[in-house]
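Let's take a walk through this structure together, one piece at a time. Keep the 3D view open as you read.

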Amino acid sequence: MTTTPLDLKTQPEQKVNIWSGFYKKALKERQNQLKLAFPNLFPPTSPIISRSSFLHSPSSGSVPNLTKSASDVSIHRNESSSDISSLGIPEEKFPITSLDERIADNMIENCVGTLGLPVGVALNFNIDGKPVIVPMAIEEPSVVAAVSGAAKTVSQFGKGKTFYTTTSERNITFAQVVILDVPDNLLDENEKKLNSMKNEIITYANQYCQNMYSRGGGVVNMVVRRIKKNERKLRPNQVVFNSPSSEWLVCHFHIDVCDAMGANCASTVAEGVAPFLAELTNGRIGLRIVSNLCTERIVTASFKIPVEKMKYKKFTGEQVARGMIEAYELAEDDVYRATTHNKGILNGIDAVALATGQDWRAIEAAAHAFAASGSSETENEPVRGHYKSLTSYWVEEVEENVDGANVKQRYFCGEIKMPIAVGTKGGVLKTNPVYHYTLGLMGHPDSKALSAIFACVGLAQNFAAVRALTTEGIQRGHMSLHARNIAIAAGAPSHAIAEVTDYMVACNRINLNAAKEYLLAHELHSTLRKHLEGTDSQSSKPPSMFYFEEYVPEGEDKNNRVTLNIAFQTLTNQPTNIEYPTGSNDDPISQLLFGNKDYTWISSMLNILDKFQFNTASPGRANFVLAKKLKFLSMIINIITTRLMTYYPKQTTRFIERIFRHTKRPKSTSSSLKTKAQQPSIEKYLIRPISAHSVPSSSGLSWSVPDTGIFRKNILDIADDVKNLSDPTLIQVGFPLLLALWQVFELRVVQWVGHSSLSSSLLEEQRKVISAIVSSPIPPYKPSEVRPPVVINGKAQDTPYLNAFNRFIPIYAKRFQVTMILLCNAISFDPTLINSRRIKFLLTLGSYLEWELAKDHDLGRLGRDLMLIQNQNQKLSHDGSIGNGITNSFIIWKEMREKTNPKQNMFHFEDDDDTDDSISSPSIVNTIESVDNEPFYQRYQEEIKQYLLETDHSIIKSHLFNTETCLLFSKEMLETTIEEYQKYYNVKNLLDSLNY
């Protein structure tokens, strides 16, 4: 069947923003996304995954005593893990990282080390109509989140959906030269002389800033200022130095410093021109220095938001607007409030200054002086006033034309006005390489644009703080973030920070002892995970986006809602944005990738599978959201893999084989295992019979993210996969999306699942499920293996075909991924319940339940599948491969009993040439929505009974349900959940009638 090539331009408009949910991602996911979003800034030579980034599973060492300090309780480090040279792979960290000590040693005197700060990015900024990402370096929690939230409000509801800014025409910095010992009777004469020779003095001064002058800048003006000396209160025994003058005579040189901050240039000019001024005035030179009060580098930023859009939490827009204006007016009138008000503004501005290599001290000094002076220079003299707010808020009412009618609209208006001296050239910007990346995230702005960004961040931070203060208060959000810092200080590993934080907030004890108590009780100290290795090279195209949001009914708590915002590499001509289908999605890409497996389907499956919960009175851990997110990720990965196998089985199998071929087997730490490790393949993950499960351990089958093929280079080199396809869109979108989802799954398991055996089992299980999906589970067998059984007195005496069928069962059933759900649920419960023995039990139980689910599924789909085969010329997959037709275990079992199949190679496909040039019709097309199974059940009743008898695992069930189950599950719950399977697939009545 041929189809029209997909035109990505015709995709429906998406609600997805590439940065949506950025704050919910793991650290390495964020770095990965930055590399995808800025391929020119982060070239392919920089690996996406740093090799020193993840935590090992909890160590077996003793838990620290509560009397120890925070540093004593910190995570034990694996000293040898930092040495990766022996692996032959050079370490290359994400470039936004701490300063190299060799560089630091040459920057300051007596250097003994470096001090790091977290670097985050503020999102949602739209400044003068252009989107901007703003890096911020700050240790205080809530600032980055507050700034991003305020920016989102402006970009969504503001007039023009943007901040508006203005800057001074030129970047003027002042240099001051003080001339002393000029008698009062000569001040007028010298002032006139200096003013009359202004042009000559400016020309003389410009020789000390030749480079600036050649670029169109340099000294552009000189202002002579006379400042009256104030009477000073004398201290006891103070010696006073007499002066012939009662006024200060000061020359201000106005220097256009272009894109530099300008302090060094100003001081150089001041020192250079000073002797010439002394000669002209016969005075003595005093200070020669830059002034950081740059009142000719004034920046304003503003916004307007309709008052009704100002609603926040449970407060109306009118209430929020009024409260914020009252808070602003208090800051105007009270210096105590104004000080804290402006400190909040500088929380945001200083963080951007630190991240971009600016002189934050100069910015602070100018801001506070400007707040105290009240205005820019007027007649060469600052207007004196009291210290007040740098921001202003008011409500204005205007008449606007809406749909042909004039209506009055109220706007909440905000503005900040302050001097900001920043530079994008010179200074330390070239000394520290990290500034290349932080400025690059903003598009390498010039100094005026950079100062405008600073102003917008200051205004956004103040807006967020004042809004919070006048509504719900800042403690609710701020203390949760503060609790997170306490958890970190107490030594909580990354996978436990959320639960330690939740514990402290829940019991209202946000202190170090409370955090240590929790860690002591649950033994959650851990060491660094294995280093990670570099990944695929990046294209120069912007990334594509996948978005998934869990539906939460109105009125229910949405704080724990799962969202997935995943960037993936763009291999098509332009980025593709995909939203997980909700049932009404007509996006052709989504239809091909997900078919009828929309959100309703995935939710109904999880509702059944999630009934397997641990039988424990202990409350669930705070990371149950992680467990739920991993379940969604795994199910979506498997849906996409299945669909890709349906359309392009050869290419998909090669893609997965390529991943496994690049996967490294870990070296065993056991001295008894000296054999060379083999590279895994799909066959390696094809599981054994149910009773033979083992658990990956740190000495045998431990897997770490860098050893996984999904992080190896050139995995997405798909040229051979698409060379003969007229429309390669599905592979170009499906393969990188599958890879990105898989990467996110493994990253989150490694970083946030604390137990070593559980972490390894989760990684291993996902690979087993993928292998089962892409494999042909029925291996080559001889004709004698499928001959009908010998029947004596109505009882089968010899069933050789079962040898082949029993090899098919565990692999085929693995596609139903019950084991994965059980392992994910294990994340969210008391860690003292989890050990290797119980994980082995979960693996065995999961395999048993997977086969029960597979049987129920196939019997429930029997009528549909037989009709597709008999009436619509659909093929039966003789080897169990999804790509070769319908896979129904009962139909395959029946055929194997009745006739000899052609020999099948494990990865043989019936159409084995690569010349297919279009998307073929899928092997399982749900063109028949509903079929009455009863006629088929009656027709094949005896065979179904025999099928159930020969595939019965009642012995294993009895063993499972009466041993470890009493500790983890209730027998009744397991029985009830199996019945839920049967009801879901409409086979319970059939099984009851057969006494099964």
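Is E140 buried, partly exposed or exposed? With a relative accessibility of 25%, E140 counts as partly exposed. Keep in mind that what you're looking at is a predicted model, and that the values quoted along the way are computed from it.

So what does E140 do with its side chain? The side chain joins that of K343 in a salt bridge, at 3.6 Å from N to O. E140 sits in the loop between β3 (130-137) and α3 (143-157), while K343 belongs to helix α9 (residues 335-355), so this pair ties together parts that are 203 residues apart in sequence. K343 is partly exposed too, with a relative accessible area of 42%.

How many salt bridges does a search of the whole structure find? The count is 23. Another one to look up is the pair E318 and R410, whose closest N and O atoms are 3.3 Å apart. Here E318 comes from helix α8 (residues 317-333) and R410 from strand β13 (residues 405-419), so the bridge ties together parts that lie 92 residues apart in sequence. E318 is partly exposed, at a relative accessible area of 47%, and R410 is partly exposed as well, at 40%.

Next, find R361 and D359, whose side chains meet in a salt bridge of 3.3 Å, N to O. D359 has a relative accessible area of 25%, so D359 counts as partly exposed. Salt bridges can also share partners: D188, E191, R226 and E247 are joined into one network that way.

Let's move on to a helix. α7 covers residues 263-281, and at 1.5 Å a residue its 19 residues should span 27 Å. The C-alpha atoms at its ends are 26 Å apart, which agrees. Still, α7 isn't straight all the way: there's a bend of about 35 degrees at A274, and a proline, P275, follows within four residues. How many of the 19 residues of α7 are buried? The answer is 14, making the helix mostly covered. Just after α7 you'll meet N282, which takes a positive phi of about 60 degrees.

Now for the sheets. One is an open sheet of four strands, in the order β4-β9-β13-β12, with antiparallel pairing. Which strands stand at its edges? They are β4 (164-167) and β12 (391-402), each pairing on one side only. On average, neighbouring strands in this sheet are turned by 25 degrees against each other, if you ignore direction.

Zoom in on β12 and β13, which pair in the antiparallel sense over twelve bridges. You can follow the pairing residue by residue: V395 has F412 in β13 as its bridge partner, and E396 stands opposite Y411 in β13. The two strands form a hairpin with two residues between them, and in that hairpin D403 takes a positive phi near 55 degrees. As you may recall, β13 is also home to R410, the salt-bridge partner of E318.

A second open sheet has three strands, in the order β16-β15-β17, and its pairing is mixed. β16 (563-568) and β17 (577-579) are the edge strands, each with a single partner, so one side of each is left without a neighbour in the sheet. Neighbouring strands here are turned by 10 degrees against each other on average, direction ignored. Strand β15 (residues 544-549) pairs with β16 in the antiparallel sense over six bridges. One of the matches to look for is S544, whose bridge partner in β16 is F568.

What about cysteines? A disulfide needs two cysteine sulfur atoms within 2.5 Å, and by this rule the count comes to zero. Two cysteines you can look up are C294, buried at 3% relative accessibility, and C413, buried at 1%.

For a last stop, head to I778, in the loop between α23 (756-774) and β18 (790-792). Is I778 buried or exposed? Its relative accessible area is 1%, so I778 is buried. Now find I809, 31 residues away from I778 along the chain: the C-alpha atoms of the two are separated by 9.0 Å.

Conventions:
Residues are numbered from 1 along each chain as its sequence is written. This is a predicted model: local features need pLDDT of at least 70, side-chain atom pairs count only at pLDDT 80 or more; totals for chains, interfaces and linings use all residues. Side-chain values use heavy atoms; hydrogens and water are left out. A salt bridge is a side-chain nitrogen of Lys or Arg within 4 Å of a carboxyl oxygen of Asp or Glu. Buried means under 20% relative accessible area, exposed over 50%, partly exposed in between (1.4 Å probe, protein chains only). The expected span of a helix is 1.5 Å times one less than its number of residues. The bend at a residue is the angle between axes fitted to the seven residues ending there and the seven starting there. Two strands pair if DSSP finds at least two bridges between them. Axes are lines fitted to C-alpha atoms, for helices over the stretch in contact, and angles run from 0 to 180 degrees between N-to-C directions.
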